[in-house]
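Visitor: I am new to this structure and should be grateful for a close look at a single part of it. Would you please begin there, and then place that part beside its wider surroundings?

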Amino acid sequence: MLKNENIICISSIDWDFVWQGHQEIMSVLANGGNRILFVENTGVRTPNLRDMPRLWNRFLNWKKGYKGIRKVNKNLYIYSPLVLPFPYSKIATKINRFIMLSVIRKWMKVLEFRNPIVWSFLPTPLVIDMLDELSPSMFIYYCIDDFASSSKGARKIKKVEEKVIKLADLVFTTSRKLFEKCRIINEKTYSFPFGVSVGNYNAARKNTLEVPSDMLAIKEPIIGYIGGIHKWIDFKHLSRIALQNKDISFVLIGPKQADLSLIENIQNIHLLGKKDVQELPGYVKLFNAGIIPYLKTAYTENVYPTKINEYLAMGKAVISTKIPEVVEFKKQYATGLIYFVEDYVNFNLLMRNIATENSKELINKRIEVANSHS
């Protein structure tokens with residue numbers, strides 16, 4: 001592992017957002033003796049009204065620190081920049097570069113933060129402009145999403161991303177499709193799917209935990225989901241499954257990021273909101289199985305759901321729609337880990353199959369696979 005390096009992480013999410021590989025990797029590197037400046041998301045599209053709570057939160061985080069930079073622990077600093085929200089405007093990019101670099105340079109000088117590695121999750125014009133000024137010892141681009149298919153506002157990113165991939169000394173990708181795309185442009189491309197911090201799950205599995213108060217009244221069997229409640233979830237499919245299987249409880253844990261009108265009034269669907277990352281193992285422990293109910297779209301064709309390993313780390317079976325990365329995952333391992341659901345009418349039969357295949361040997365196999373993705 002890297003040690004004694006200075007790393008500027010240009011993130012595609014905010015630090016306080018749903019805990020993902022961005023925070024996990026940078027936390028591990030910081031704990032390993034590297035100094036990290038985690039730059040929060042500057043955007044791949046122009047915000048809309050739904051983004052107002054996030055923008056307000058950004059302002060509050062900016063106020064917490066000195067010119068937007070706050071210290072989290074000995075080696076980890078968060079920068080919450082206030083920028084013009086027009087990622088493809090040349091004028092806005094120049095202004096944002098000036099604002100951000102004036103802060104970052106002063107901070108680097110005070111902390112003697114020299115020869116940084118720049119590790120970016122974003123492939124935007126602002127990243128390219130900042131690279132010229134930061135003169136990194138190494139530039140890493142971590143391609144985790146097909147941003148161009150994420151929204152209409154992000155379609156302009158395609159050509160810029162190609163430039164970022166070419167500029168990178170190393171490119172990491174989370175899915176096979178992203179690997180194939182990046183490898184054509186840069187031969188120094190490597191597959192690096194998000195892992196899971198298995199220590200928290202192993203401890204929770206072995207120890208007796210107090211049942212969370214919001215789970216006490218929820219009846220088994222419980223099908224659980226952890227992660228953002230976003231537009232890539234197939235709410236129509238999920239509502240049909242829940243209505244056809246009223247004896248099964250469906251628990252969704254994560255922040256609301258989409259219109260939930262199709263599911264929020266269904267009695268056996270329980271929306272528990274966002275939880276701290278340290279709390280999640282205690283919830284997954286109570287699931288009978290974990291679910292990945294994603295739509296099959298151009299965007300989800302490129303998604304590697306980290307929650308696969310979070311469910312498996314607690315010895316739970318995974319139920320998913322047939323998105324490519326989960327299909328590939330299933331091919332690698334024995335039966336009893338991943339189950340696909342396409343027909344909502346037969347979901348009860350699927351649950352009975354999972355129950356009969358829930359041997360101690362199979363549970364241990366699930367945990368073993370999750371540990372290999374630490």
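**The cysteines and their surroundings**

Guide: In this predicted model, cysteine 9 is buried, its relative accessible area being 0%. Its sulfur has the sulfur of cysteine 143 as its closest cysteine partner, yet the two are 15 Å apart, and therefore too far from each other for a bond. Cysteine 143, in turn, has the sulfur of cysteine 182 as its nearest cysteine sulfur, 3.9 Å away, and it takes part in no disulfide. A disulfide is counted here when two cysteine sulfur atoms lie within 2.5 Å, so the separation of 3.9 Å does not qualify. Cysteine 143 is buried, with a relative accessible area of 0%. A disulfide, in general, is a covalent bond joining the sulfur atoms of two cysteines. The structure as a whole holds zero disulfides.

From the cysteines we may turn to the sheet. Eight strands make up an open sheet with mixed pairing, and their order is S3-S4-S2-S1-S5-S6-S7-S8. The edges belong to S3 and to strand S8 (189-191), each of which pairs on one side only. From one strand to the next, the twist averages 20°.

Each edge can be examined in turn. At the edge formed by S3, that strand (residues 69-73) runs antiparallel to strand S4 (residues 76-79), and four bridges join the two. A hairpin leads from S3 to S4 through two residues. One bridge pairs asparagine 73 with leucine 76, the latter being in S4. At the edge formed by S8, strand S7 (residues 170-173) is joined to S8 by three bridges, and these two strands run parallel. Here valine 171 stands opposite threonine 189, a residue of S8.

One further feature completes the view, namely a pocket. The second largest pocket has a volume of about 420 Å³. Its lining consists of 19 residues, and those nearest its centre are Ile25, Val28, Phe192, Gly195 and Ser374. Helix H1 (residues 21-31) contributes the largest share of this lining, with four residues. Sorted by class, the lining of the second largest pocket comprises 13 nonpolar, five polar and one charged residues.

To return to the part with which we began: cysteine 9 is buried, and its sulfur lies too far from that of cysteine 143 for a bond.

Methods: Residues numbered from 1 in each chain as written. Predicted model: local features only at pLDDT ≥ 70, side-chain atom pairs only at ≥ 80, totals over all residues. Heavy atoms only, no water. Pairing = 2+ DSSP bridges. Buried < 20%, exposed > 50% of the residue type's maximum accessible area, 1.4 Å probe, protein only. 1 Å grid on protein atoms, 1.4 Å probe; cavity = no way out; pocket = protein on both sides within 12 Å on 5 of 7 lines; lining within 4 Å. Points joined across faces, edges and corners; volume = space filled by probe spheres on them. Nonpolar A, V, L, I, M, F, W, Y, C, P; charged D, E, K, R; others polar. Axes fitted to C-alpha atoms, helices over the stretch in contact; angles between N-to-C directions.
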